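Me: I am new to this structure and would like a close look at a single part of it, namely the interior. Could you take me through what packs there, step by step?

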Amino acid sequence: SASNEHGTVAATAMLAVQVPPTVSSPPTAQTTVEPDMTIFKCVASGQPTPTISWKRTLTGSALTDEQLSSGGKFAIQAENSLVITETVYEDAGIYICVASNNLAEMRMVESSAQLTVNVYPNIMTSPQNVTVVSLNNFTLQCEAKGFPLPSLSWQHGGQSIVTSEPKLNVQSNQFLSGIRVTSTLLVRRSIFGDRGVYKCVVNNLVGQDEADA
């Protein structure tokens, strides 16, 4: 303020302090099971108040408005949480929270978290019934998918098949996708005692599936 014999004049000024954005509560790694919902949370602070967006490492770019549109599988909900409805195996990867404001220097920070999507084992191709002439060989095949990659085993008459027996052979192959596997059971020189029900059993840490022939 200033004053003289004529009076006093006062003026005020507002000081605005800009603060670069920081991620005060970063997203955490998630493990979910297909097709459950996944939620990533991210809280940021700064002045001006930061805006939050999300992107995936598979593309290196932000999730688009189309991907986040109403009815889509990705959505931004309360407190800028990223929600993935009906998560599938292909959604696995690293998700990045991006906090930014209009501060010219250090105006953007990122924090990431890994998403792992487990898949219940599911038999896609069941073994088929066969009729064979005595002393001839026969094969049964089973194909399944799941993540972690399921193990496949065989049973005959409710008992686990011991593949060390000379007349039996089991060969398994993994597909390049990493979540599909096949198993082929070979029975050499079949006899009357080989008749009956053969069962393919697949399991991983989230479940089990089976099919008969």
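**A close look at the interior**

Reply: In this predicted model, a good place to begin is Cys200, which, leaving aside residues up to four places away in sequence, touches Ile123, Pro127, Cys142, Leu152, Ser153, Trp154, Asp209, Glu210 and Ala211. Cys200 belongs to the largest nonpolar core, a set of 17 residues in which Cys200 itself, together with Ile123, Leu140, Trp154, Leu185 and Tyr198, ranks among those with the most contacts inside the core. At least two residues of this core come from each of the strands β12 (138–147), β13 (151–156), β16 (180–187) and β17 (198–204), and it is β12 that gives the most, with four residues. Separate from this core there is a second one, made of 13 residues, with Cys42, Ile84, Ala99 and Leu115 among them.

A polar residue also deserves attention here: Asn101 sits in the loop between β10 (93–100) and β11 (108–125), and it counts as buried because its relative accessible area is 8%, which is under the 20% cut-off. Its side chain has a polar atom 3.1 Å from the backbone oxygen of Val19, and the side chain of Asn101 also reaches the backbone oxygen of Pro48, again at 3.1 Å. Not counting residues up to four places away in sequence, the residues that Asn101 touches are Val19, Pro20, Pro21, Gly46, Gln47, Pro48, Thr49, Pro50 and Arg107.

Conventions. Residues are numbered from 1 along each chain as its sequence is written. This is a predicted model: local features need pLDDT of at least 70, side-chain atom pairs count only at pLDDT 80 or more; totals for chains, interfaces and linings use all residues. Side-chain values use heavy atoms; hydrogens and water are left out. A nonpolar core is a set of buried Ala, Val, Leu, Ile, Met, Phe, Trp, Tyr and Cys residues joined through side-chain atoms within 4.5 Å. Buried means under 20% relative accessible area, exposed over 50%, partly exposed in between (1.4 Å probe, protein chains only). Contact means heavy atoms within 4.5 Å. A polar contact is a pair of N or O atoms within 3.5 Å; within protein, one must be able to donate a hydrogen and the other to accept it, and residues adjacent in sequence count only if both atoms are side-chain atoms.
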